[in-house]
Amino acid sequence: MTNADPEARDRDAGGAALPSPGTAADATRPPEVSTAARLLIAPIRFYRAFISPLLGPRCRFEPSCSAYGLEAIAVHGALRGLWLTARRIGRCHPFHPGGYDPVPPRPVRSHDETQGS
């Protein structure tokens, strides 16, 4: 079975044109989460749903360590996200003042920076 309109595959159900890969619309989409990242996210979600409510609010940081871990893994991927989360949990002790500690942004990599005009 062939399609009468060869450009129909580039349109959504309403007939609007879909963005081509590599356009600005791709930059606004969240990155795909890898299988390794999903495996790391699952125990954090379990902790937040079942263990954290029993312990009560104890975190000295904003966002909480579990929220930080979820965001770090989603933004930076499994390996770097796990490293950032472990560092954050290591700072969670009575001698650290705590406070606002956001996940660092993903570094921007451009060909312009590496070519040294």
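Helices and strands here are DSSP runs, with at least four residues for a helix and at least two for a strand, numbered from the N terminus. The model on screen is predicted.

**Whole chain**

Start with everything shown as a cartoon. The protein has five helices and two strands. Follow the chain along its sequence and the elements come in the pattern α-α-β-α-α-β-α.

Next, colour the protein by accessibility. Of its 117 residues, 18% are buried. The exposed area of the protein is about 9,300 Å², and 60% of that comes from carbon and sulfur atoms. For contacts between residues at least 6 apart in sequence, 60% join residues at least 24 apart.

**The nonpolar core**

Select A37, I41, I44, L70, I73 and A78. These six residues form the largest nonpolar core in the protein. Helices α2 and α3 each supply at least two residues of this core. The biggest share comes from α2, which gives three residues.

Keep L70 selected and display what surrounds it. Setting aside neighbours within four places in sequence, L70 is in contact with I41, I44, R45 and R48. Two of these contacts, I41 and I44, are also listed in the core.

**The end of helix α3**

Move to H76, in helix α3, which covers residues 65–76. Is H76 buried or exposed? H76 counts as buried because its relative accessibility is 10%, and the cut-off for buried is under 20%.

Now show the residues around H76. Beyond its neighbours within four places in sequence, H76 is in contact with G81, L84, V103, P104, P105, R106 and P107. Zoom in on P104, one of these residues. Which atom of P104 should be picked for a distance to the side chain of H76? Pick the backbone oxygen of P104, which lies 2.7 Å from a polar atom of the H76 side chain.

**A patch on the surface**

Go back to helix α2, which spans residues 35–55, and select F50 within this helix. F50 counts as exposed because its relative accessibility is 52%, and the cut-off for exposed is over 50%.

Extend the selection to F46, Y47, I51 and L55, then turn on the surface. Together with F50, these residues make a nonpolar surface patch of about 480 Å².

To finish, display two selections at once: the core residues A37, I41, I44, L70, I73 and A78, and the patch residues F46, Y47, F50, I51 and L55. Helix α2 supplies three residues of the core, and F50 of the patch lies in α2 as well.

Methods. Residues numbered from 1 in each chain as written. Predicted model: local features only at pLDDT ≥ 70, side-chain atom pairs only at ≥ 80, totals over all residues. Heavy atoms only, no water. Patch = residues over 30% accessible without salt bridge, like charges linked within 9 Å, V, L, I, M, F, W, Y side chains within 5 Å. Areas by Shrake-Rupley, 256 points an atom, 1.4 Å probe, with all protein chains shown as cover. Salt bridge = Lys/Arg side-chain N within 4 Å of Asp/Glu carboxyl O. Buried < 20%, exposed > 50% of the residue type's maximum accessible area, 1.4 Å probe, protein only. Contact = heavy atoms within 4.5 Å. Polar contact = N/O pair within 3.5 Å; in protein donor to acceptor, adjacent residues only side chain to side chain. Core = buried A, V, L, I, M, F, W, Y, C linked by side-chain atoms within 4.5 Å.
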